[in-house]
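The following exercises concern the sheet, the helices that pack on it, the core and the salt bridges. Each task is followed by a solution in steps.

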Amino acid sequence: MTQTQARSRTFSWSDPGLNAALVGRRSGLELLRAMIAGELAAPPVMHLIDMTRMEADEGRVAVELVPQEFHYNPLGTVHGGVISTLLDTAAACAVHTTLPAGVGYTSLDLNVKFLRPVTVDSGVLRCEGTVLQRGRRTALAEAKLVDARSRLVAHATSSCLLLPLDSPTP
């Protein structure tokens with residue numbers, strides 16, 4: 001009979017409605033920089049998958065993640081959904097950095113290419129998203145995910161729909 005060691009993980013998060021209420025009141029870059037500075041709480045998904053560092057500049061966002069066993073699929077590698085979440089976050093947030101107050105967005109699609117397996121031995125993953133083109137109604141961004149040895153492990157493109165937001169009620 002084989003025994004396995006029990007593993008567990010707990011985490012907490014702040015009310016996501018507080019940040020959502022600020023969307024449209026600040027520019028996208030201001031909102032992301034406030035989260036990075038700790039003035040606003042990180043969104044729950046960052047705690048859920050344990051994303052660590054984030055950087056944001058106009059048209060560019062980078063996030064990092066240290067692969068852990070709790071990210072694994074039945075094959076013993078990081079689940080494609082976790083990788084896709086990193087790529088989606090970097091690409092969409094890069095678009096967010098270009099938006100003025102009063103403009104929101106939603107992802108239209110995410111096209112992912114998985115290029116090599118990711119495990120705990122891959123080291124820190126860094127995902128950088130950049131805006132390729134932004135128009136009045138849509139934006140196109142890409143994201144590249146590299147391992148600790150700077151090998152490209154996944155790539156994605158994403159289209160976002162830009163939306164005017166209702167004026168906030170005073």
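Contact means heavy atoms within 4.5 Å. Axes are lines fitted to C-alpha atoms, for helices over the stretch in contact, and angles run from 0 to 180 degrees between N-to-C directions. Helices (H or I, at least four residues) and strands (E, at least two) are DSSP runs, numbered from the N terminus.

The model is predicted: local features need pLDDT of at least 70, side-chain atom pairs count only at pLDDT 80 or more, and totals for chains, interfaces and linings use all residues. Residues are numbered from 1 along each chain as its sequence is written, and side-chain values use heavy atoms, with hydrogens and water left out.

**Exercise 1. Establish the strand order of the sheet and identify its edges.**

Step 1. Two strands pair if DSSP finds at least two bridges between them. On this basis an open sheet of six strands is found, with antiparallel pairing and the order β1-β2-β4-β5-β6-β3.

Step 2. The edges are β1 and β3 (103-114); each has a single partner strand, so one side of each lacks a neighbour in the sheet.

Step 3. From one strand to the next, the twist averages 20°.

Step 4. At one edge, β3 pairs with β6 in the antiparallel sense through eleven bridges; Asn111 has Thr157 in β6 as its bridge partner.

**Exercise 2. Describe the surroundings of β2 and state whether its residues are buried or exposed.**

Step 1. Buried means under 20% relative accessible area, exposed over 50%, and partly exposed in between (1.4 Å probe, protein chains only). Six of the six residues of β2 are buried.

Step 2. Arg60, Ala62 and Glu64 point to one side of β2, while Val61, Val63 and Leu65 point the other way.

Step 3. β1 and β2 run antiparallel and are joined by five bridges. They form a hairpin with two residues between them, and Gly59 in the turn has a positive phi of about 80°.

Step 4. β2 also pairs with β4 (residues 125-134), in the antiparallel sense, over six bridges. Val63 can serve as a reference point: Met54 stands opposite Val63, and Cys127 is the bridge partner of Val63 in β4.

**Exercise 3. Determine which strands α2 and α4 touch, and what lies in the core.**

Step 1. α2 packs on the sheet and touches β1 and β2, its direction making about 145° with that of β1. The buried residues of α2 (residues 28-36) are Gly28, Leu29, Leu31, Leu32, Ala34 and Met35. Their cover includes α1 (16-20), β1 (51-57), β2 (60-65) and α4 (80-96).

Step 2. α4 lies across β1, β2, β3, β4, β5 and β6, and runs at about 140° to β3.

Step 3. A nonpolar core is a set of buried Ala, Val, Leu, Ile, Met, Phe, Trp, Tyr and Cys residues joined through side-chain atoms within 4.5 Å. The largest one has 38 residues, and Leu86, Leu87, Cys127 and Leu145 have the most contacts inside it. With nine residues, α4 gives the most to this core.

Step 4. Leaving aside residues up to four places away in sequence, Leu87 touches Val112, Cys127, Ala143, Lys144, Leu145, Ala154, His155 and Ala156.

**Exercise 4. Locate salt bridges that join separate strands, and assess the burial of their residues.**

Step 1. A salt bridge is a side-chain nitrogen of Lys or Arg within 4 Å of a carboxyl oxygen of Asp or Glu. The whole structure holds eleven salt bridges.

Step 2. Glu64 and Arg53 meet at 3.4 Å, N to O. Glu64 lies in β2 and Arg53 in β1, eleven residues apart. Glu64 is buried, at a relative accessible area of 14%, whereas Arg53 is partly exposed, at 46%.

Step 3. Arg126 and Glu55 meet at 3.0 Å, N to O. Arg126 is in β4 and Glu55 in β1, so this pair ties together parts 71 residues apart in sequence. Arg126 is partly exposed, with a relative accessible area of 25%, and Glu55 is buried, with 19%.

Step 4. Both pairs can be placed in a network of salt bridges that links Arg33, Arg53, Glu55, Asp57, Arg60, Glu64, Arg126 and Glu128.
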